[in-house]
Every structure is written in structure tokens, then in C-alpha cells.
Amino acid sequence: MNNPVVIETGSGALFGFFGMPANMRQERGQDKVLNLVIDQLVRLFGPSDQNVKAILYKDWSTDAKTAVEEDLDPLRDFPRYGQPPKARVWEKKIIFAGTDPNSQYGGHLEGALLAAEKAVSEIMAD
């Protein structure tokens, strides 16, 4: 097994999701939430990460085109949308893979990952 290469200089980028309900993010406000992000970066990666170049923050729950009032409450259960109905025209041409059609973890990142694994398996089986 090769040893990993560690680069200790240069810039990096990090992408993530919040485990904080939308109503709590709104109560705390964007500045407090961003301070919590920086605090966590420092805990995870050290004091040098307190001096981030930029944070691009998008709270989709505040976007009127992507959210409704009910989205402020945290999910209590995983939605179960399932796969769309199969039609002959789609067979072996389109594979639906995403969080929504996942029967176990719909609406969550884990559902998207499991759906991707299933799609890859289907493609490789052909």
C-alpha cells in the first residue's frame, strides 16, 4: 500500500451540510451559524483554519423558490417516493439514481449514495 501524500501548503475547499434544523439556523442568524462553522473547522483542522478566505453559504430553507414553511421543521422520517413507474421506453436507457427514489433513506445524502451504488451495479451488470 502506498503512503498518502500530504500537502501542507496551498488552498483547499470544503463542502458540507448542516445537521442543524432550518428553524434553528434562522433563529441564530447567518453570522452565528458561520461562526459555528469556523469554530468547527478550527476543532477539526487546527487554528490556522480560523483565517478562511471565503465562506459561500446558502440556506435553501430561506429560498422561496425551493422551500415552503413546512421545510422549517426537521424531517422526522425518511420520505419514501420510490422509483418512477417502469416504461418500456426507459428500460436500459435511463437509470434513476438520487436521494428521492431511494426506498430506505429518501431525502438524505445516504439515500443518494446508496442509489448511486445501485445504479453503478446495474450499469456494470449489463
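Let's start at the surface: Glu-69, Glu-70, Asp-71 and Asp-73 form a negative patch there. Keep in mind as you look around that this is a predicted model. One member of the patch, Asp-73, sits in the loop that runs between helix H2 (30-45) and helix H3 (109-125).

A second patch has another character. Phe-15, Phe-17, Leu-109 and Leu-113 make a nonpolar patch on the surface, with an area of about 510 Å². Try finding Phe-17 in the structure: its place is in the segment before helix H1 (22-28). Is Phe-17 buried or exposed? Phe-17 counts as exposed because its relative accessibility is 62%, and exposed means over 50%.

Here are the two patches side by side:

| Surface patch | Residues |
|---|---|
| Negative | Glu-69, Glu-70, Asp-71, Asp-73 |
| Nonpolar, about 510 Å² | Phe-15, Phe-17, Leu-109, Leu-113 |

Now step back and look at the whole chain. How many helices and strands does the protein chain have? The count is three helices and zero strands, so if you read from the N terminus on, the order of elements is α-α-α.

The protein chain has 126 residues, and 16% of them are buried. About 10900 Å² of the chain is exposed, and carbon and sulfur atoms supply 54% of that area.

Finally, consider how parts of the chain meet. Take the contacts between residues at least 6 apart in sequence: 38% of these join residues at least 24 apart.

Definitions and conventions
Residues numbered from 1 in each chain as written. Predicted model: local features only at pLDDT ≥ 70, side-chain atom pairs only at ≥ 80, totals over all residues. Heavy atoms only, no water. Helix = DSSP H or I, 4+ residues; strand = E, 2+ residues; numbered from the N terminus. Buried < 20%, exposed > 50% of the residue type's maximum accessible area, 1.4 Å probe, protein only. Contact = heavy atoms within 4.5 Å. Areas by Shrake-Rupley, 256 points an atom, 1.4 Å probe, with all protein chains shown as cover. Patch = residues over 30% accessible without salt bridge, like charges linked within 9 Å, V, L, I, M, F, W, Y side chains within 5 Å. Salt bridge = Lys/Arg side-chain N within 4 Å of Asp/Glu carboxyl O. Lys, Arg positive; Asp, Glu negative; His and termini not counted. Charge placed at Lys NZ, Arg CZ, Asp CG, Glu CD.
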